[in-house]
Amino acid sequence: KKIFIISFLLFIISLGIFSIIFYYRTINLKGIDINISGPEDVNSFQVYEYTIKVSNNSKLDIENVRLTINLNEGIYFYDDLDQNSLTYNLDKISSKNSKDIKIKLIFLGNIGKNLSFNVNTYYKPIGKNQEFNISKSFFTTVKKEAFSLQIFSPNKIFLNEPFVISLKFTNSSDIVYNLNLFLEDNPDLEILSINPAPEVGLTTWSFNELKPNDTGEINITAKFTTLVEKPVISFQPKIIYKNKVFFLKNYNLTLNILETPIRLEIVSDPSDYIVNLDKLITYEIKWENKSKVSLQNIQIKVYLSGAFDFESINTDGYYSPIEKSIIWNSVNKPQLASINPGNKDSIRFSIKTIDKYPPGSKDLNLKVEAILETETIPPEIQILTKKLSIETQESKIIAGNFKFNVKVLYDNQFNNSGPFPLVNGKKTTLSTYFEICTYGEDFQNFIITGKIPLGVTLTGNFNFDFDV
């Protein structure tokens, strides 16, 4: 019994000693600290340097020291934009000593956005069995954006009336970058003209090597064909730097669309966008006064451009072959002297398309632009000029075509051999020529198929001669 009690006491004492030693070996050291120094207020796309110092103010040396930096959204390593985490091996830090590293970061965010990164330090005190870690976060606030865009448009926009959107942008960063600007599609918006022209269709512009403070401008002439409430036009910019794409915030423009008090419309017959050669097209210019005042001394002028046969024009207006325009006013159309509120009317003219394809030409466009002018300005319309001008236009295109010919010849260029004319029972090699000629537009992906009769074999000798 005494032996059992003594053994139990020894077990308790041993367990206590082991627990004290284990606790001592696993308790975190006091005096290990992380200090991060660098700007707290930052500008987007500007390089900043930060110093991260790990201090050992404890009484023990520490070893296997690793420092891991984790970047949150909107922060990038300047030297490696694709990484969001880096680890540095600091090896050993003696008691009362410290080690530091320097990193370069760039930031991307909207004004007032808070961005942060985290630093974790892992270490093992010499003489202890366990690895410990401490962490610290650093917070910054964006004071300036990398890109600025101003959008200008009229306060009021009338249905089916052209208006201009002006965009002015600036590289407000300290870095040279490439800029792509994308216009989101709006089915109710008809683009009439864009300057400068986009790189892709009617939607994307590219501006390469924009230097700090470089500016640019885009002017878009468009009209709304459907009356919609508060339509939004959205522009999406993105920056390309060191082959990495950075998406910026959308810039939205909300517009106020009103029913136009003076409607001007072009109706064509046929109404198809694609027409053929030598096609007679009849155009009708319609107008309606929906304002509260009578319009006085109206003039309607139509400009014609493109692949028309101008000698075929048939009109009761004044035609100018120099301007390729037609004018109607109160002299040749008495009803244009005054248009009372609620009145509507129209005028007509016809013209043919050209009857053959011009050599070497393509994209044979047809454009009709109508302009109604009056010195009467309804109170609903706010303009600074003394004359009101309403414009509309319609475009078509002449369909292209191609010609395909096949010839079988006895041609020495291909070393044709054998009797010619052909002799029954004897072998003769002949050459087959395929001729393709395109008109009016480009064609692609031609596929030529054929049938080879019995007794005929291909030699496998081919040659191509394209004039493009």
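**Close-up of I220 and its contacts.** Leaving aside neighbours within four places in sequence, I220 touches F163, V164, I165, L167, L183, I191, S193, I194, W205 and F235. Contact here means heavy atoms within 4.5 Å. Please keep in mind that this is a predicted model, where local features need pLDDT of at least 70, side-chain atom pairs count only at pLDDT 80 or more, and totals for chains, interfaces and linings use all residues. Residues are numbered from 1 along each chain as its sequence is written, and side-chain values use heavy atoms, with hydrogens and water left out.

**The largest nonpolar core and its separate companion.** I220 also appears here: with F45, I218, F224 and I233, it is among the residues that have the most contacts inside the largest nonpolar core, a set of 39 residues. At least two residues of this core come from each of β10 (147–152), β12 (163–171), β13 (177–183), β14 (189–195), β15 (204–210), β16 (215–224), β17 (232–241) and β19 (251–254). A second, separate core holds 36 residues, including F158, V275, L295 and A370. A nonpolar core is a set of buried Ala, Val, Leu, Ile, Met, Phe, Trp, Tyr and Cys residues joined through side-chain atoms within 4.5 Å. Buried means under 20% relative accessible area, exposed over 50%, and partly exposed in between (1.4 Å probe, protein chains only). Strands (E, at least two residues) and helices (H or I, at least four) are DSSP runs numbered from the N terminus. As background, nonpolar side chains in soluble globular proteins tend to be buried together.

**An aromatic pair between Y50 and F117.** The whole structure contains 18 aromatic pairs. In this one, Y50 and F117 meet edge-to-face, with 5.7 Å between centres and 75° between planes. The pair joins distant parts of the chain, as Y50 sits in β3 (residues 48–56) and F117 in β8 (residues 114–125), 67 residues apart. Y50 counts as buried because its relative accessible area is 0%, and F117 counts as buried because its relative accessible area is 0%. Rings of Phe, Tyr and Trp (its six-membered ring) pair if their centres lie within 6.5 Å; planes under 30 degrees apart count as stacked, over 60 as edge-to-face and the rest as tilted.

**An aromatic pair between Y76 and F246, with its ring cluster.** Y76 and F246 are also edge-to-face, at 4.9 Å centre to centre and 90° between the planes. Here 170 residues separate the partners: Y76 is in β5 (residues 75–77) and F246 in β18 (residues 244–247). Y76 is buried at 18% relative accessible area, and F246 is buried at 2%. Ring pairs gather F45, Y76, Y177, Y241 and F246 into a cluster, and F45 also belongs to the largest nonpolar core.

**Lysines over rings.** K242 places its charged end over the ring of Y78, 3.8 Å from the ring centre. K324 does so over F310, at 5.1 Å from the centre. A charge sits over a ring if NZ of Lys or CZ of Arg is within 6 Å of the ring centre and within 35 degrees of the ring normal.

**K324 and the strands on either side of its loop.** K324 lies in the loop between β27 (318–320) and β28 (325–328). Its phi is near 55°, a positive value in a residue other than glycine. K324 counts as partly exposed because its relative accessibility is 30%. Three bridges join β27 to β28, which run antiparallel, and the bridge partner of Y319 is I326 in β28. How are these strands ordered in the open sheet? Six strands follow one another as β22-β32-β31-β25-β28-β27, with mixed pairing. At the edges are β22 and β27, each pairing on one side only. Two strands pair if DSSP finds at least two bridges between them.

**Cis peptide bonds before two prolines.** N195 and P196 are joined by a cis peptide bond with omega about -5°; P196 is placed in the loop between β14 and β15. Another cis bond links D269 to P270, with omega about 5°. P270 belongs to the loop between β21 (262–269) and β22 (274–275).

**S58 in its loop.** S58 is found in the loop between β3 and β4 (62–71). S58 is buried, at 4% relative accessibility. Its side chain reaches the backbone oxygen of L60 at 3.0 Å. A polar contact is a pair of N or O atoms within 3.5 Å; within protein, one must be able to donate a hydrogen and the other to accept it, and residues adjacent in sequence count only if both atoms are side-chain atoms.
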